[in-house]
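Here are my notes, written as numbered points so you can follow along in your viewer. Have the sequence open next to the model as you read.

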Amino acid sequence: MSQQPPTVVSKDEHQRKPRKERGPKAPKQKKENPITAAVTSWLQDQRQSISLAALLSPLETTQDEEQLEILLLDKAPKRWVIYEPMVLLPSGSFTASPWPQLLDSLSSDIKSSLWTRILANITRDGGASKAELTRLAVNEGIPLHHVADAAEDAKAGLKGEEEEEEENLLRSPSGLKLLHGDFGPALSPTAALPTPQDFGEAFWVSTKQNGITQIWAPRYTMFSRGNVKEKARLLEFHHHRSLTSAAAPTNTNAAAPSPQQNLTHRVKPPATLKDKYALDLYAGIGYFVFSYAKLGMRVLCWEINPWSVEGLRRGALANKWSVKVFQGEEDLTKKTTGEMLREADAEGVQVVVFLDGNESAGRRVRELREEGGELDVIHVNGGFLPTSEKSWRDSWEAVVGKGVGDGWLHLHENVHVKDIESRRGEIQGIMDRWNQELDGSEGTTETKAVVEHVELVKTFAPDVWHCVFDVYITRSSSTSSSGSGSRPT
């Protein structure tokens, strides 16, 4: 019979009283929510200044001041996000009755005392900030459309006519509700290019995701926290670990590739990525740009919001990646694309940014190749919602135009969950048609494309997913002369 090992008891355990003699452990006291605590103490301190009784008559379901206080605490926000030194409250904060009625009745000083108390409590008890928090805002989302600039309308002779909505192409955060603190001067997003002084007077924040710092000015440009998983996926894209994550079933965060699809072609040693290029046609503040840069690739970016470009530039430097921005007539009109890239090469720049619309991307890539530039593009990112379809043709040309080789398109789109597979099929059909046209015109190439994976990044609305369709393209030739590539028809 096997002998049981002896039980080892420490000296402390010998001296410890039996559990039954010590009695049950006292339950750990739950820490009060910092915002709830701030509202409670603020109401107590401002009792002489706040007339709760005056709010009772419009609120038929609330009978007395005690019930009203309970309702105010219940309807106050309970969550927040910190981007030092800013606290961002969730959409709809302080808009549920009776908060609007109360806030409208208060002086600016009394309202300010509430916001500063919330900031102080979150600084002290929020548990995530090492610095004093000094700005408070409510995140109301990025509107897809906004009312046309009144000054521009006046110039065009439209004063007094019905206001028209136009697409918010810059994705300016015009819905951000500023509660407390200096967020910088109010500048029109459609005004002339910001000056260095404008950038200097702006309020900037930063955060770190996947070990990468990102910087932006919340009053003038957006930040999408929900893209963190897609950034991480790109960082792992050429690692063997990506093979298992890409095969996740549809009911997690990915629509699975077809069972026979082999994804081992994704795996590439880091050293082989150093001479490769990634293109980001909707660069923003560098959401996906920085994932490619961290992989060691050179990145060419297009972005039309100057505030986003400045955030991208600051973020690249914070991560110790060299960056150069080309903008204005002196760069974009008077220099060829080859001249700009050679200028960047001479300075050893890794991230090149064009403050320009991405409709110029296809032309610039062709110019570089026509001037003899080596441009081995293996990733093209189209991260624009609700769809990036306008850029797909240029994205496809950027990969097939290099000649023999392979690469991936990452096509972003909002799609209803029931339509994901059918949309996948539509994209496959588009790629097949373009490939057939290209091969038919040249006669010496074989171009293939497959929508090998669909990543479900986040929900955009009920049953609507932000999807990324990964299109893998290969191009081969039966003759050695076709290796230099040509412009697709």
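1. Starting with the overall picture: the protein chain has 18 helices and 17 strands. Keep in mind that this is a predicted model. Of the 489 residues in the protein chain, 47% are buried. Among contacts with a separation of 6 or more, 71% are between residues 24 or more positions apart. As for the surface, about 25300 Å² of the chain is exposed, and 51% of that comes from carbon and sulfur atoms.

2. Next, the aromatics. How many aromatic pairs does a search of the whole structure find? The count is 19. Take Tyr83 and Phe223: their ring centres are 5.5 Å apart and the planes meet at 80 degrees, which is over 60, so this pair is edge-to-face. Tyr83 belongs to strand 1 (residues 81-83), while Phe223 sits in the loop between strand 8 (212-216) and helix 10 (228-235), so the pair ties together parts that are 140 residues apart in sequence. Both Tyr83 and Phe223 are buried.

3. A second pair worth a look is Trp302 with Phe354. With ring centres 5.0 Å apart and planes at 25 degrees, which is under 30, this pair counts as stacked. Trp302 is in strand 11 (residues 298-303) and Phe354 is in strand 13 (residues 351-355), so parts 52 residues apart in sequence are tied together here. Trp302 has 1% relative accessibility and counts as buried; Phe354, at 3%, counts as buried too.

4. Back to Tyr83 and Phe223 for a moment: they form one aromatic cluster with Trp216, Tyr287 and Phe288. On the subject of rings, have a look at Trp204 as well. The charged end of Arg314 sits over the ring of Trp204, 4.1 Å from its centre.

5. Gln214 is a polar residue to check, and it lies in strand 8. Is Gln214 buried or exposed? Its relative accessible area is 2%, under the 20% cut-off, so Gln214 is buried. A polar atom of the Gln214 side chain lies 3.2 Å from the backbone oxygen of Gly286. Beyond its neighbours within four places in sequence, Gln214 is in contact with residues including Phe223, Tyr287, Ile285, Gly286 and Phe290. Phe223 and Tyr287 also appear in the aromatic cluster of point 4.

6. Helix 13 (residues 306-318) deserves its own point. Its 13 residues reach 18 Å from first C-alpha to last, close to the 18 Å expected at 1.5 Å a residue. At the N-terminal end, Asn305 acts as the cap: one of its side-chain oxygens lies 2.9 Å from the backbone nitrogen of Trp307. After the helix comes Lys320, with a positive phi near 65 degrees.

7. What do the buried residues of helix 13 pack against? The partners are helix 9 (196-201), strand 8, helix 12 (289-294), strand 11, strand 12 (323-326) and strand 13. The buried residues of helix 13 include Trp307, Val309, Glu310 and Leu312. Strands 11 and 13 were met in point 3, as the homes of Trp302 and Phe354.

8. Helix 7 (residues 108-125) has 18 residues and spans 26 Å from its first C-alpha to its last, close to the 26 Å expected at 1.5 Å a residue. Buried positions in helix 7 are Ile110, Ser113, Leu114, Trp115, Ile118, Leu119, Asn121 and Ile122. The buried residues of this helix pack against helix 3 (34-45), strand 1, strand 2 (86-89), helix 6 (99-104), strand 3 (135-138) and strand 6 (177-180).

9. Two single residues to finish. Leu73, in helix 5 (residues 65-75), has 22% relative accessibility and counts as partly exposed. Leaving out residues up to four places away in sequence, Leu73 touches Thr36, Val39, Thr40 and Lys78. Its C-alpha is 9.8 Å from that of Ala38, and the two residues are 35 apart in sequence. Thr447, in strand 16 (residues 445-461), counts as buried at 8% relative accessibility. With the same exclusion in sequence, Thr447 touches Val400, Asn435, Leu438, Asp439, Ile473, Thr474 and Arg475.

How values were computed. Residues are numbered from 1 along each chain as its sequence is written. This is a predicted model: local features need pLDDT of at least 70, side-chain atom pairs count only at pLDDT 80 or more; totals for chains, interfaces and linings use all residues. Side-chain values use heavy atoms; hydrogens and water are left out. Rings of Phe, Tyr and Trp (its six-membered ring) pair if their centres lie within 6.5 Å; planes under 30 degrees apart count as stacked, over 60 as edge-to-face and the rest as tilted. Helices (H or I, at least four residues) and strands (E, at least two) are DSSP runs, numbered from the N terminus. Buried means under 20% relative accessible area, exposed over 50%, partly exposed in between (1.4 Å probe, protein chains only). A charge sits over a ring if NZ of Lys or CZ of Arg is within 6 Å of the ring centre and within 35 degrees of the ring normal. The expected span of a helix is 1.5 Å times one less than its number of residues. Contact means heavy atoms within 4.5 Å. A polar contact is a pair of N or O atoms within 3.5 Å; within protein, one must be able to donate a hydrogen and the other to accept it, and residues adjacent in sequence count only if both atoms are side-chain atoms. Accessible areas come from the Shrake-Rupley method with a 1.4 Å probe; for residues, only the protein chains shown count as cover.
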